[in-house]
Amino acid sequence: MIRLYMSMSLDGFIAGPDDRPGQELGRGGGRLFDWLDDRHGDGPSGQVYREALATGALISGRRTYELAGRWGGDHHGGVPIHVLTHRVDPADTPPGSARYYTDVAACAEEARAAAGDRVVMVHGAGAAQALLRAGLLDEVEIHLVPVLLGEGRRLFEGTGPAELDLVRQLPDRDVLHLRYAVRR
């Protein structure tokens, strides 16, 4: 199971404008993660956070990976990190368990194998778009935040049409956690 986990504004942005090193979430984008203040609680946000940490592998886009400081080579609990990129510099050795992939199908296959019976977590618009276009994304979990950023980085830009079935909705303070199955 490959599942996208992404916080998003009501108008479809996952980062505000001018996202870059030192301002990784863009202007105003930090608001998308206020729900994490409740991640250690017993409510829906705590449940969603614990589920995310129980995933067995990670697929990330290269841009997200770099903006996150490569997570220091460990996203959570030492799970393997699979980074989708357009090109691999042989001199660039990724830290920890991270590996680079230019082929989306190979990346997905190896992430599934690494995760075993656990879910593969996906981060980043580029990775999500590539997996969705390739028909390899099984579920979309959106942490929908009631804010309009107006501009920034869109999550589903250029993916083409897709049918989704709502499988779960969990409201919490300042967020609605939505999970959809991607219809095949």
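In strand 4, I81 is the bridge partner of L58. Strand 3 and strand 4 pair in the parallel sense over four bridges; two strands count as paired if DSSP finds at least two bridges between them. Helices (H or I, at least four residues) and strands (E, at least two) are DSSP runs, numbered from the N terminus.

This is a predicted model, in which local features need pLDDT of at least 70 and side-chain atom pairs count only at pLDDT 80 or more, while totals for chains, interfaces and linings use all residues. Residues are numbered from 1 along each chain as its sequence is written, and side-chain values use heavy atoms, with hydrogens and water left out.

**Overall fold**

The protein chain has four helices and 10 strands. Along the sequence they follow the pattern β-β-α-β-α-β-β-α-β-α-β-β-β-β. The C-alpha atoms fill a box of roughly 45 × 35 × 35 Å, taken along the principal axes. A compact globule of 184 residues would have a radius of gyration near 16 Å, and the protein chain has 16 Å, which agrees. That radius is taken over C-alpha atoms; the globule rule is 2.2 Å times the number of residues to the power 0.38.

Buried residues make up 47% of the 184 residues. Buried means under 20% relative accessible area, exposed over 50%, and partly exposed in between (1.4 Å probe, protein chains only). Contact means heavy atoms within 4.5 Å. Among contacts between residues at least 6 apart in sequence, 66% join residues at least 24 apart.

**Strand 4 and the histidines**

Both faces of strand 4 are covered. I81 and V83 are buried on one side, H82 and L84 on the other.

H75 is found in the loop between helix 2 (62-67) and strand 4. Its side chain makes a polar contact of 2.6 Å with the side chain of H76. A second polar contact, of 3.2 Å, joins the side chains of H75 and H123. A polar contact is a pair of N or O atoms within 3.5 Å; within protein, one must be able to donate a hydrogen and the other to accept it, and residues adjacent in sequence count only if both atoms are side-chain atoms. Leaving aside neighbours within four places in sequence, H75 is in contact with L58, I81, M121 and H123. L58 and I81 are also the bridge partners named at the start.

**Helix 3**

Helix 3 covers residues 104-115. At 1.5 Å a residue, its 12 residues should span 16 Å, and its end C-alpha atoms are 16 Å apart, which agrees. The expected span is 1.5 Å times one less than the number of residues.

C107, A108, A111 and A115 are buried in helix 3. Seen down the helix axis, the buried residues fall within an arc of 95°, so they line one face of the helix. The arc is that of the directions from the helix axis to the C-beta atoms. The face turned away from the buried side carries the exposed residues E109 and A113. What covers the buried residues includes strand 1 (2-9), strand 3 (57-61), strand 4 (81-84), strand 5 (99-101), strand 6 (120-123) and helix 4 (125-133).

D103 caps the N-terminal end of helix 3. A side-chain oxygen of D103 lies 3.0 Å from the backbone nitrogen of A105.

**Helix 4**

Helix 4 is mostly covered, with seven of its nine residues buried. They are A125, A127, A128, Q129, A130, L131 and L132.

**The hairpin**

Strand 9 (residues 164-172) and strand 10 (residues 175-182) run antiparallel and are joined by eight bridges. R168 stands opposite R179 in strand 10. The two strands form a hairpin with two residues between them.

**Positive phi**

Most residues other than glycine have a negative phi. The table lists residues with a positive phi.

| Residue | Phi | Place |
|---|---|---|
| D18 | near 65° | loop between strand 2 (13-15) and helix 1 (44-53) |
| G116 | near 65° | follows helix 3 |
| G135 | about 75° | just after helix 4 |
| D174 | about 60° | loop between strand 9 and strand 10 |

D18 is partly exposed, with a relative accessible area of 37%. D174 is partly exposed too, at 40%.
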